[in-house]
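Visitor: I'd like a close look at one part of this model: the enclosed space inside it. Could you walk me through that, and then show me what else there is around it?

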Amino acid sequence: MVSAGDAPPILDFSAFYSNDAAAKKKLVDDVRNCCLHNGFFQITGHNVPLDLQQRIMTWNKRFFDLSLEDKMSVGKDTTNTWNRGYELLKSQILEPGTLPELKEGFYIGDEISKAHPYFIHKKLNSGPNMWPSSSVLSDVEDFKSTALDYYAQVVSLAKDILKVLALTLDLEERWFDDFAEGAVATMRMLHYPSQPPDSPQKLTRGIGAHTDFGTITLLLQDKVAGLQVYDYQTKEWLDVQPTPGAFVVNLGNLMMRWSNDKYISNLHRVINQSGEQRYSIPVFFSGNPDYVVECLPNCRREGEEPKYGPITVQDAVSGSYKESYGRAEQYKRELAAKEAPVAQAKEVAVA
Ligand SMILES: O=C(O)CCC(=O)C(=O)O
Ligand SMILES: [Fe+2]
């Protein structure tokens with residue numbers, strides 16, 4: 001049982017693949033408790049090989065070690081609306097009132113060509129990946145195959161977790177299958193430089209307090225800590241300890257809405273004051289963009305109205321993205337407006 005003040009527990013997911021009914025029931029019960037508590041847990045005993053986790057993490061570091069110019073060769077500019085490629089430091093503000101975030105990212109997803117109906121119809125995060133050229137990265141083919149293999153295996157694990165989530169709601173294991181068919185998921189390699197000692201403590205974030213937009217997130221952390229989950233009862237931030245081989249799993253806003261707020265999409269953030277570089281790789285599983293999400297069975301009392309109306313996965317998730325990037329843009333505009341008169345005054349002084 002998870003209680004107030006407890007960090008997300010580590011659950012052995014191998015029970016899902018075993019024939020041990022008691023162990024499987026315990027896993028389902030534990031996952032249900034976590035979903036009701038704060039929607040966060042860690043899993044070991046899954047089928048994603050440790051070696052693959054290590055190889056993608058090595059690529060994560062190698063990618064961010066490239067020069068800024070090389071990273072910008074796959075920059076996610078305004079023409080790339082499908083969210084792939086490199087994102088500069090300080091591009092996002094997830095926590096209103098804090099500074100642009102000390103993280104840089106590289107977005108990868110399913111390899112979707114411009115002829116694919118998802119691209120043509122501008123479905124959520126759907127389009128071709130942006131890979132560095134071989135002149136930038138001579139073994140880019142290994143980067144590609146490692147990333148796409150990792151992505152596919154984590155998406156498959158996400159589908160297994162959805163089966164467990166179905167069981168937690170006393171639904172058939174296959175309940176989420178239609179939603180998971182043709183699902184969109186986005187993987188984001190992240191690098192958090194250590195926060196400079198002179199940066200304002202209260203305002204500096206690797207990633208500001210936020211909840212995730214999609215259905216479930218599976219996160220791989222490297223060795224450096226920094227991820228924290230907010231505990232509403234104790235009003236404290238709980239550290240999510242990096243655990244070798246484990247994935248941190250958390251529910252996103254779509255799952256919370258879908259469950260009529262029975263299951264929780266919880267606030268979390270990253271602050272890296274370790275003095276070391278921090279790396280992580282979340283995979284955000286959204287679902288089939290056209291699937292209509294409407295109060296799950298067993299999530300409201302008989303006769304009670306659902307809190308939310310039906311919505312497509314596409315509409316639910318894309319709304320949240322626009323909001324968070326809009327905030328960083330607005331901050332930069334305001335800063336530029338504030339600095340402009342100062343710059344002009346300096347010019348006058350020099351003249
Ligand atoms: O890097 C982490 O540990 C967390 C990342 C995260 O919360 C996110 O990208 O939504
Ligand atoms: Fe997150």
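Guide: Here is a walk through the cavity, followed by a pocket, the core and one loop residue.

Keep in mind that this is a predicted model. The chain has a mean pLDDT of 92, and 94% of its residues reach 70 or more. The weak stretch is residues 342-351, where pLDDT is below 50 and the model shows zero contacts beyond near neighbours in sequence. For the complex, the predictor reports an ipTM of 0.99 and a pTM of 0.92.

Now to your cavity. Searching the whole structure turns up one cavity of 30 Å³ or more, and its volume is about 290 Å³. It has 26 lining residues, and Arg188, Ile207, His210, Asp212 and Phe284 are the closest to its centre. Two or more lining residues each come from β5 (184-192), β6 (207-210), β7, β11 (268-270), β12 (278-287) and α9 (313-350). Of these, β12 gives the most, with five residues. Sorted by class, the wall has 14 nonpolar, nine polar and three charged residues.

Next, an open site. The second largest pocket has a volume of about 290 Å³. Its lining counts 14 residues, and those closest to the centre are Gln54, Gln221, Asp222, Lys223 and Pro244. Here the elements giving two or more residues are α3 (50-65) and β7 (216-221). Helix α3 supplies the largest share, six residues. By class, this lining breaks down into five nonpolar, six polar and three charged residues.

Then there's the packing. The largest nonpolar core has 91 residues, and the members touching the most others are Phe106, Tyr150, Leu165, Met187, Met189 and Phe285. Helix α6 (residues 140-168) is the top contributor to this core, with 14 residues. Take Leu165 as a sample: setting aside neighbours within four places in sequence, it is in contact with Val31, Cys35, Phe176, Ile216, Leu251 and Met255.

For a last stop, try Tyr308, in the loop between β13 (292-293) and β14 (311-312). Tyr308 counts as partly exposed because its relative accessibility is 32%, and that class runs between the 20% and 50% cut-offs. Leaving out neighbours within four places in sequence, Tyr308 is in contact with Arg257, Asn260 and Asp261. If you want a distance to check, Tyr308 and Ala152 sit 32 Å apart, C-alpha to C-alpha, with their positions 156 residues apart in sequence numbering.

How values were computed. Residues numbered from 1 in each chain as written. Chains lettered and ligands numbered in written order. Predicted model: local features only at pLDDT ≥ 70, side-chain atom pairs only at ≥ 80, totals over all residues. Heavy atoms only, no water. pLDDT = per-residue confidence, 0-100. Contact = heavy atoms within 4.5 Å. 1 Å grid on protein atoms, 1.4 Å probe; cavity = no way out; pocket = protein on both sides within 12 Å on 5 of 7 lines; lining within 4 Å. Points joined across faces, edges and corners; volume = space filled by probe spheres on them. Helix = DSSP H or I, 4+ residues; strand = E, 2+ residues; numbered from the N terminus. Nonpolar A, V, L, I, M, F, W, Y, C, P; charged D, E, K, R; others polar. Core = buried A, V, L, I, M, F, W, Y, C linked by side-chain atoms within 4.5 Å. Buried < 20%, exposed > 50% of the residue type's maximum accessible area, 1.4 Å probe, protein only.
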